[in-house]
There are 6 protein chains.
Amino acid sequence: MRPSKRPADALREVSLETGVNRHAEGSCLVKFGETHVLCLASLEERVPPFLRNSGKGWVTAEYGMLPRATGDRMRREASAGKQSGRTQEIQRLIGRSLRAVVDMGALGERQITVDCDVIQADGGTRTAAITGGYVALAECLKWMETRGMVTRKNVLKGHVAAISCGIYKNEPVLDLDYAEDSTAETDANFVMTGAGGIVEIQGTAEGAPFSQDEFLKLLDLARKGIGELVEAQAKALGDA
Amino acid sequence: MRPSKRPADALREVSLETGVNRHAEGSCLVKFGETHVLCLASLEERVPPFLRNSGKGWVTAEYGMLPRATGDRMRREASAGKQSGRTQEIQRLIGRSLRAVVDMGALGERQITVDCDVIQADGGTRTAAITGGYVALAECLKWMETRGMVTRKNVLKGHVAAISCGIYKNEPVLDLDYAEDSTAETDANFVMTGAGGIVEIQGTAEGAPFSQDEFLKLLDLARKGIGELVEAQAKALGDA
Amino acid sequence: MRPSKRPADALREVSLETGVNRHAEGSCLVKFGETHVLCLASLEERVPPFLRNSGKGWVTAEYGMLPRATGDRMRREASAGKQSGRTQEIQRLIGRSLRAVVDMGALGERQITVDCDVIQADGGTRTAAITGGYVALAECLKWMETRGMVTRKNVLKGHVAAISCGIYKNEPVLDLDYAEDSTAETDANFVMTGAGGIVEIQGTAEGAPFSQDEFLKLLDLARKGIGELVEAQAKALGDA
Amino acid sequence: MRPSKRPADALREVSLETGVNRHAEGSCLVKFGETHVLCLASLEERVPPFLRNSGKGWVTAEYGMLPRATGDRMRREASAGKQSGRTQEIQRLIGRSLRAVVDMGALGERQITVDCDVIQADGGTRTAAITGGYVALAECLKWMETRGMVTRKNVLKGHVAAISCGIYKNEPVLDLDYAEDSTAETDANFVMTGAGGIVEIQGTAEGAPFSQDEFLKLLDLARKGIGELVEAQAKALGDA
Amino acid sequence: MRPSKRPADALREVSLETGVNRHAEGSCLVKFGETHVLCLASLEERVPPFLRNSGKGWVTAEYGMLPRATGDRMRREASAGKQSGRTQEIQRLIGRSLRAVVDMGALGERQITVDCDVIQADGGTRTAAITGGYVALAECLKWMETRGMVTRKNVLKGHVAAISCGIYKNEPVLDLDYAEDSTAETDANFVMTGAGGIVEIQGTAEGAPFSQDEFLKLLDLARKGIGELVEAQAKALGDA
Amino acid sequence: MRPSKRPADALREVSLETGVNRHAEGSCLVKFGETHVLCLASLEERVPPFLRNSGKGWVTAEYGMLPRATGDRMRREASAGKQSGRTQEIQRLIGRSLRAVVDMGALGERQITVDCDVIQADGGTRTAAITGGYVALAECLKWMETRGMVTRKNVLKGHVAAISCGIYKNEPVLDLDYAEDSTAETDANFVMTGAGGIVEIQGTAEGAPFSQDEFLKLLDLARKGIGELVEAQAKALGDA
């Protein structure tokens with residue numbers, strides 16, 4: 001029995017709210033249960049040096065946590081003077097995931113930065129950030145489309161969403177919350193496209209190593225969960 | 001005429017919502033119109049080195065802005081590797097303001113850190129942070145009172161709230177929003193107690209120097225505004 | 001009775017010595033009693049990026065303290081790897097104060113940096129720095145005038161000087177030294193022009209909040225003190 | 001055809017040389033073809049704060065690259081003043097991988113730090129570092145066993161090794177070198193134990209998303225490669 | 001002919017003024033012509049960790065330059081966020097030089113930090129700092145002696161002073177000023193005791209390599225100059 | 001008797017191996033006994049700002065130590081976030097030494113960076129780095145000569161090599177190893193050209209000051225040692 005009483009293959013309640021910031025070109029407040037991440041997409045008419053005069057654009061992401069997003073207050077990274085290894089690892093993952101569904105030529109020589117800031121954490125912040133970050137990105141492209149800058153469906157090659165799975169008390173379960181995550185034997189994050197292609201897999205044995213069979217069960221759960229997330233994304237974007 | 005059509009002595013719509021974070025001992029989402037600041041109070045059973053074994057506690061504050069809280073995206077301070085002078089100046093002000101109404105002996109040897117993170121900015125973030133920070137601090141003391149750790153009314157010597165005033169197109173006005181703030185000739189921040197005592201005054205001539213008369217008009221406006229904010233605080237805390 | 005035996009409205013002995021550095025375009029060693037600040041103005045034929053091709057110049061200030069300027073040795077900021085919040089707050093104040101009396105168009109596209117380094121501290125270092133910084137700035141403009149670069153009286157719209165006041169043992173007093181500053185109930189810094197306009201006001205209740213009446217008494221004291229400082233500036237510059 | 005002419009399921013020539021440093025308690029120079037990583041294990045009689053008085057030890061890893069380990073010289077991280085996100089990500093992976101096969105209670109309250117410094121890079125530095133890092137760690141435990149501090153086979157629960165696989169020109173291949181890695185459509189790193197348990201999986205679509213089938217082919221290749229690496233480890237340690 | 005018209009073996013005018021700071025336990029403003037360095041010795045009742053409970057003390061030095069001590073304004077190191085390699089090299093040299101004449105056992109478990117801040121630079125700042133730093137250190141020991149903490153002559157094993165020499169237009173000259181230093185072919189700094197022992201030698205060929213003969217001529221000049229500096233030190237300390 | 005049983009004027013076994021890195025334009029692994037330094041020269045078609053459009057090139061050096069190059073593991077500088085004063089001092093010395101034998105006009109507007117990374121330390125790392133760095137630099141110039149970019153003998157004005165000497169148990173000895181270095185009374189580093197010109201001298205009294213006679217004995221030893229090193233360099237470069 002999961003602490004949240006959810007069935008093994010059930011997501012937490014998912015909410016994807018757009019239009020939550022008056023300044024950002026695209027915005028989405030994503031909630032996976034008690035995990036809340038504010039995703040804001042900012043458009044800039046410049047690209048990193050390695051893309052100048054290439055005709056291609058860039059999508060990047062940054063990740064942060066408010067100091068008291070977690071059970072114990074953590075030191076503010078701006079005050080510590082550097083981003084932790086964990087933070088950098090997560091923001092690199094979000095950026096790669098979003099770039100996987102973007103046609104940089106169709107975007108043109110512009111950069112979209114997706115800031116994912118965790119307002120409240122209860123496990124799964126990186127998967128929520130990718131799922132909500134996609135919506136913020138798509139909103140930004142809608143904003144650009146309205147102004148005749150791009151055609152959204154040319155830039156976006158498909159949906160991308162992410163979910164975690166794990167082996168909790170010997171049972172494979174979908175969408176770990178913090179109570180599960182902190183004691184799971186195995187923890188894996190999956191990033192997939194709307195068409196079911198795999199973009200990124202990260203699996204880690206926290207306790208004993210896991211087997212190929214166990215891993216495939218987690219992959220099945222992820223596929224189901226991501227299907228539901230993609231539907232929620234489409235609905236939030238008014239594409240359903 | 002003010003851009004927002006408000007009368008010269010009118011605050012923006014003020015909202016002080018408590019209980020907005022599941023982890024923090026005290027929390028308040030404060031809105032001064034389109035300026036939104038999340039204030040989270042964290043209790044820790046330790047004090048800074050200079051207070052060890054003194055029997056006294058400490059209250060401190062940290063301030064941050066999400067990179068896209070503003071019209072143009074700003075660089076993330078955690079990524080830049082340091083907090084700007086402006087950030088440090090503001091968080092020092094918030095801390096001093098809150099400490100002005102706390103009896104550190106009655107608090108006991110504990111530290112309360114109030115994190116004020118600007119989710120969306122439209123002028124007046126520091127005054128909103130002080131006003132909402134007070135509510136988060138009071139909520140934290142209620143949490144402690146429930147557990148028999150302190151008596152709230154012994155720790156808190158009164159309310160503290162803050163508001164900005166300025167001279168906009170030659171007229172003294174209350175509670176500047178960004179459209180006014182960016183062109184005001186004079187900009188002043190006032191921090192006062194519920195009893196009308198002055199805790200902090202900061203007045204700056206952005207253009208021509210100002211006169212004593214002008215300054216006193218700003219102070220009058222501030223007194224009116226802070227009276228209304230203190231009422232809103234009491235209501236949010238269930239003390240009204 | 002003040003520790004220094006001074007009357008409540010008396011400044012410490014003020015000295016403003018020019019020509020104290022062989023390299024700087026303008027220089028002034030300012031002494032407010034035992035507080036000694038070396039102010040050096042450096043002219044550079046460049047402006048910050050936001051002013052390029054604007055035809056306008058810029059004046060900025062930096063502030064530092066020798067590690068043993070104070071009673072206890074403080075850590076060297078260059079070794080600590082960052083400037084404290086206090087340092088940044090002060091240098092921002094000095095810069096704003098000096099800019100308040102400069103016509104940036106008349107200066108032309110050049111930057112003057114005024115370095116204010118505290119050689120010895122005994123309270124009031126920021127007000128001494130503004131007062132001496134003005135003299136160093138004016139000396140720099142004289143140097144430029146000699147070379148036909150500017151007309152000093154076109155660039156400088158007036159004098160600017162600063163003084164602190166406070167409530168010490170229930171009495172409003174002028175120009176706090178360290179013995180007073182460290183125990184004063186209220187501490188305020190005033191920056192004014194030679195014509196009596198207010199450029200900046202910063203008042204802080206260190207203990208109990210203060211009243212409007214008390215504040216106005218401090219302002220009166222400041223007005224008197226700044227009048228004397230402006231006279232001393234004129235004399236030091238040979239304008240008296 | 002692979003640039004190196006290797007069959008799809010062939011490792012590069014592997015070399016694991018021990019005893020390569022006179023100071024370190026355990027050392028191994030690992031070569032995967034032209035990728036050379038020096039792994040040095042250092043024993044310290046202290047543990048991180050969170051383990052004090054727990055009776056348990058800790059194993060951690062650090063990773064670095066000489067500036068000219070790569071085709072173009074990279075900036076020295078010590079001079080840049082921080083470790084890149086990539087560096088931190090890799091050293092966290094190495095640490096997790098090594099800890100997966102260590103019984104921290106049997107190690108006792110001591111820390112072993114495994115420094116993995118890339119002397120020359122040609123793709124696969126992180127997998128070489130894990131594979132060689134295990135040997136350095138085991139050598140360190142032999143050193144400790146000689147001195148009666150631990151029993152090696154109690155501390156080490158098994159071997160751990162790592163290899164990369166990828167889809168290069170539509171064909172799944174084992175142990176990518178730089179020429180392959182820089183153009184592969186999919187790149188995955190696998191960390192497994194000697195018994196075939198999976199410790200960590202990281203798969204990334206560099207171009208188009210990949211399918212479950214493709215992923216399973218990579219996993220098969222990895223299993224074969226890691227089997228050979230474990231044999232080489234046993235031989236290097238004199239356990240074969 | 002030297003730019004300053006000095007004979008080849010002549011020092012610039014030397015001034016060593018004590019009692020120049022009201023807070024420091026020992027102080028000396030040293031002038032080698034237009035090079036002015038403020039040396040302040042601070043006594044602290046603590047030692048670095050490696051000396052705790054050793055019964056021995058420590059002497060260390062820090063070095064800094066005001067940004068406009070030089071002809072062109074340099075960036076403030078506190079603002080740059082780090083000390084330059086040159087600064088660190090110089091402060092390490094000053095510290096070693098002063099320690100060479102101190103009996104750490106006789107000092108007892110205390111640390112004396114000598115801050116050497118260059119107020120104005122015209123070549124030879126490090127040699128002036130060592131020479132003046134010795135005086136500040138001796139003043140500090142006098143202060144301690146007055147309070148019965150140490151016996152100065154037991155702590156100080158002798159004088160230490162320093163001077164630069166160089167080959168300027170093919171002629172060996174003593175005590176280079178900036179005009180000479182910036183064009184000299186060879187530049188050497190010598191640190192010696194009052195008894196003529198060599199503490200430190202640093203010689204650098206700026207242009208062509210130099211010969212042993214040339215070097216010995218520089219050493220002779222240095223010996224003469226340091227003799228005069230030691231006399232000046234004794235006079236400044238009232239020991240002459 | 002020296003710990004290594006060497007005669008007073010004997011170098012440790014010297015080895016200079018070229019061609020040790022597949023990427024660098026010039027490379028040399030230098031061994032002075034158990035001190036091993038990897039020297040890699042990287043050519044870049046750019047120069048520092050102060051040389052742009054000057055027609056002249058630049059040679060610079062960086063120095064680092066693997067954390068466990070030494071008997072006790074040291075903190076990784078990249079992780080500490082800055083290079084130590086010692087590191088900066090050494091890399092500045094290596095750079096100056098190499099530049100002393102390079103004709104920057106003949107090199108043309110290009111920069112060669114020589115990275116000297118200590119793989120294993122046993123005293124004398126800086127002198128080994130200079131000696132091996134010269135070989136890496138010469139190898140780089142050979143590489144350039146092959147491509148018709150420069151004429152090596154026009155760029156290199158001669159050899160440069162370095163050695164340490166010291167007074168160990170009252171006897172002057174050549175090429176200190178760690179056992180000697182850590183207890184020597186006097187420690188000196190000499191950098192000389194193949195023609196016997198002195199490029200740099202650094203002598204430090206670790207205990208009692210030393211005399212001119214002692215210093216000249218060290219210089220004689222250094223001259224002998226450097227002669228042997230220059231021969232070894234020529235042989236390694238195939239010039240013998």
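## Exercises on strand β8(B) and the A–B contact

Ala188(B) stands opposite Gly203(B) in β9(B). The model is predicted.

**Exercise 1.** Place β8(B) among the strands with which bridges join it.

*Solution.*
- Start with β9(B), residues 198-205. Seven bridges join β8(B) to β9(B), and the two run antiparallel.
- Look at the link. The hairpin of β8(B) and β9(B) has four residues between the strands. Gly196(B) takes a positive phi near 90° there.
- Turn to β6(B), residues 160-168. Eight bridges join β6(B) to β8(B), again antiparallel. One pairing is Val160(B) with Thr193(B).

**Exercise 2.** Decide whether the residues of β8(B) are buried or exposed, on each of its two sides.

*Solution.*
- In a regular strand, side chains alternate between the two faces of the sheet.
- Thr186(B), Ala188(B), Phe190(B) and Met192(B) point one way. Asp187(B), Asn189(B), Val191(B) and Thr193(B) point the other way.
- Apply the cut-off: buried means under 20% relative accessible area. Eight of the eight residues of β8(B) are buried, so the strand is largely enclosed by the rest of the structure.

**Exercise 3.** Describe the contact between chain B and chain A.

*Solution.*
- Count residues: 37 from chain B and 37 from chain A.
- Take the area. The chains bury about 2800 Å² between them, with 46% of it on carbon and sulfur atoms. Arg68(B), Arg73(B) and Arg76(B) lose the most area in chain B, together 25% of what that side buries.
- Add the charges. There are 16 salt bridges between the chains. One of them joins Asp117(B) to Arg76(A), with the closest N and O atoms 2.9 Å apart.
- Find the main element: β5(B) gives the most to chain B's side, with six residues.

Conventions
Residues numbered from 1 in each chain as written. Chains lettered and ligands numbered in written order. Predicted model: local features only at pLDDT ≥ 70, side-chain atom pairs only at ≥ 80, totals over all residues. Heavy atoms only, no water. Contact = heavy atoms within 4.5 Å. Buried area = accessible area lost by both parts, 1.4 Å probe. Salt bridge = Lys/Arg side-chain N within 4 Å of Asp/Glu carboxyl O. Buried < 20%, exposed > 50% of the residue type's maximum accessible area, 1.4 Å probe, protein only. Pairing = 2+ DSSP bridges.
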